[in-house]
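Subject: Structure handover

Hello,

Here is the structure we discussed, for you to look over. My notes follow below it.

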Amino acid sequence: MTKAQTLAKILFEFSYFHEMHGVAFKPRAYQLASESVTARGDEVEDAWRKGGIKALKELPGIGQNIAEKADELFRTGKIKEYEQMKKQFPVDIWGLSRIEGLGPKHMLDLYKHLKVKNINDLKKALKAHKIKDIPRWGEKSEIKLLNQLNLMEASGGRLLLGYVLPVADEMVRQLSKVKGVTRCTYAGSIRRRQETIGDIDLIATSKNAKSVMDAFVSLPMVESVHEKGKTRSSVRLKIGIDADLRVVPDEVFGATLQYFTGDKRHNVLLREFALSKGYTLNEYGLYKLAKKKATPTTPSPSSGRRGIGLVACKTEEEIYEKLGMETPAPEIRIGEDEIEAALKHKLPNLLPYGSVRGDLQMHSTWSDGTLSIEEMAQAAIKLGRSYIAMTDHSKSMAFINGLDEKRLKQQGKEIDKLNKNFKGFRILKGIECDIHKDGSLDISAAARKELDFVGISVHSHFHLSREEQTKRIIKAMEQPNVNCFFHPTCRLIGKREGIDFDMRAVIAAAKKNNVALEINSFPERSDLSDRWVRAVVKAGAKLMINTDAHTAEHLEFIVLGEAIARRGWATKKDVLNTKTTKEFMAWLA
DNA sequence: GCCGTTTTCGGCCCGACTGTTTTCAGTCG
């Protein structure tokens, strides 16, 4: 954990601690401060280094008291008040809070009655069926808690792509600098851009494998070493997953990359197909078999290295080509119909990374964002966007200062003013408009008409019946001046299942009403998922890829959304915000 | 504990659902 992460965690724990004791207002203050620190990361410590407590107080949500605590942490590595609090309440608040539905009051109950301090204690208590006997708890609460624990653990051990990718990039960067390394990259689920990652697979080519291994096990992000061999090592990373490194000779890089990129099902299908054509495929290359009939044993790596019957190994493209097919992009290697399409040379021309020109969902300090409209715009310009839509929340979201029609109008004036100063960049006046239970919208038709862009989304009534939910969403889509349906399923990976509705009916309604479906790039959301993207593409409806940014750094999530689009076989024409500003405005009109 | 072109003191804006209860506490967004 970086110091900023530690600080964010401590502030979060203070928030829960105060909340469980019924303290007013402090919980929210600590919560906001925690989020503010999380959003800014290492910038917080940088600010402190430059300007001490005074600089810390400049950050939103941080006043005298919290600035002093941060100062104490940065100077001494500890916060006294926090240590005292932990003595009084030695509970892993941070860890337990990952369980959905387990809030501060319940945590206090569990500790007071059953001395539950962490996940392990909780499991024991659940097993002994002791939880239902706590006052105000019952059979159902116990079952629900067990289910939520299981749901969290099912996703546990896997981390979201968006948070693993920077670590993997940094490992590749550092290993590439090691003397003797010719090439280094990641393969596996990261290269395929799966939404969650179980471990990091790295490949390097070098004539001096040992020096690469030495460097690998002593990388700063490594916590401990499982094994260290001549060509393969495995380590535990500080972020809580493993990383494996394989070192091979440079000549066989393509074969190794193909082999370790997977996925498993894709490779099985590909190897079966190779066998049927009289080849065999392993991590050292594609080999022609001597006899027509396939040998039951896999050729040993040593025979592979000697190159007996070697047909291809330098690049992936060479291997796929010798097998008579196009090379499927890593993102679509899932062992379904991609090999068939590759053989027919009918693979789609996937949306290239960097195609998105406009980002159409983001938040400012007008609702729950951390930066002003201008700051968000400047950050978007820096990333090369041509246009953005400012889509703060609507009034139903009162707890985060959602906008009513009046404030929306005021915000529009601010945007008009800002737009006058931009050249080749435009802020669209937008809203993230709540869909009410009955499918009506939170912002009036008259007010929507004044906006450039309207996104609609579900933030309430997650548990309607499938029929009601479908009806509600379609009714919302049929309203005038609606352009995009934001994070359609509302799922949060590892935390919350999506809402239940008839997706195909909604896709059809989207097409009919000219409403785009969003690919929300925020790592926890990744919503729509790759599977639904493919359904949208097949149905001929349109997509938009947005970040849902609440701060500047979030704007960089767009590549994650592009990855989802690629995994869903989307091309440039399927995604509306690949259009130029002029084209996009024309579409809106 | 934070915040301030309505305040340096006095606000901090809600509403639904669930599970436990016969009136409400806890959680979420």
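A polar contact here is a pair of N or O atoms within 3.5 Å. By that cut-off, the side chain of N65 makes one with DNA strand B, since an N or O atom of that side chain is 2.3 Å from a phosphate oxygen of the strand. Please keep in mind that this is a predicted model.

The DNA surface

Two backbone contacts to phosphate go with the one from N65. A polar backbone atom of G63 is 2.7 Å from a phosphate oxygen of DNA strand B, and for a polar backbone atom of G103 the distance to a phosphate oxygen is 2.8 Å.

In total, DNA strand B is surrounded by 34 residues, the closest being G61, N65, G138, S141 and R496. Of the atoms of DNA strand B that come within 4 Å of the protein, 70% belong to sugar and phosphate. Sorted by class, the surface near the strand holds 14 nonpolar, 11 polar and 9 charged residues.

Four helices supply at least two residues each to this surface: α2 (26-40), α4 (64-76), α7 (104-114) and α9 (139-155). Which of them gives the most? That is α4, with 4 residues.

Strand β4 and its partners

Strand β4 covers residues 199-206, and 7 of its 8 residues are buried. β4 pairs with strand β2 (residues 181-186) in the antiparallel sense, over 5 bridges; there, C184 stands opposite A204 of β4. With strand β7 (residues 242-248), β4 pairs in the parallel sense over 7 bridges. D201 has D244 of β7 as its bridge partner.

The seven-stranded sheet

An open sheet of 7 strands, with parallel pairing, runs in the order β11-β12-β13-β14-β15-β16-β17. Why do β11 (358-359) and β17 (543-546) each have one side without a neighbour in the sheet? Both stand at the edges and have a single partner strand each, so one side of each is left free of a neighbour in the sheet.

The partner of β11 is strand β12 (residues 387-390), and the two pair in the parallel sense over 2 bridges. In this pairing, G358 has Y387 of β12 as its bridge partner. Helix α19 (residues 405-419) packs on the sheet and touches both β12 and β13 (426-434). The direction of α19 makes about 160° with that of β13.

Regards

How values were computed
Residues numbered from 1 in each chain as written. Chains lettered and ligands numbered in written order. Predicted model: local features only at pLDDT ≥ 70, side-chain atom pairs only at ≥ 80, totals over all residues. Heavy atoms only, no water. Near = heavy atom within 4 Å. Polar contact = N/O pair within 3.5 Å; in protein donor to acceptor, adjacent residues only side chain to side chain. Nonpolar A, V, L, I, M, F, W, Y, C, P; charged D, E, K, R; others polar. Buried < 20%, exposed > 50% of the residue type's maximum accessible area, 1.4 Å probe, protein only. Pairing = 2+ DSSP bridges. Contact = heavy atoms within 4.5 Å. Axes fitted to C-alpha atoms, helices over the stretch in contact; angles between N-to-C directions.
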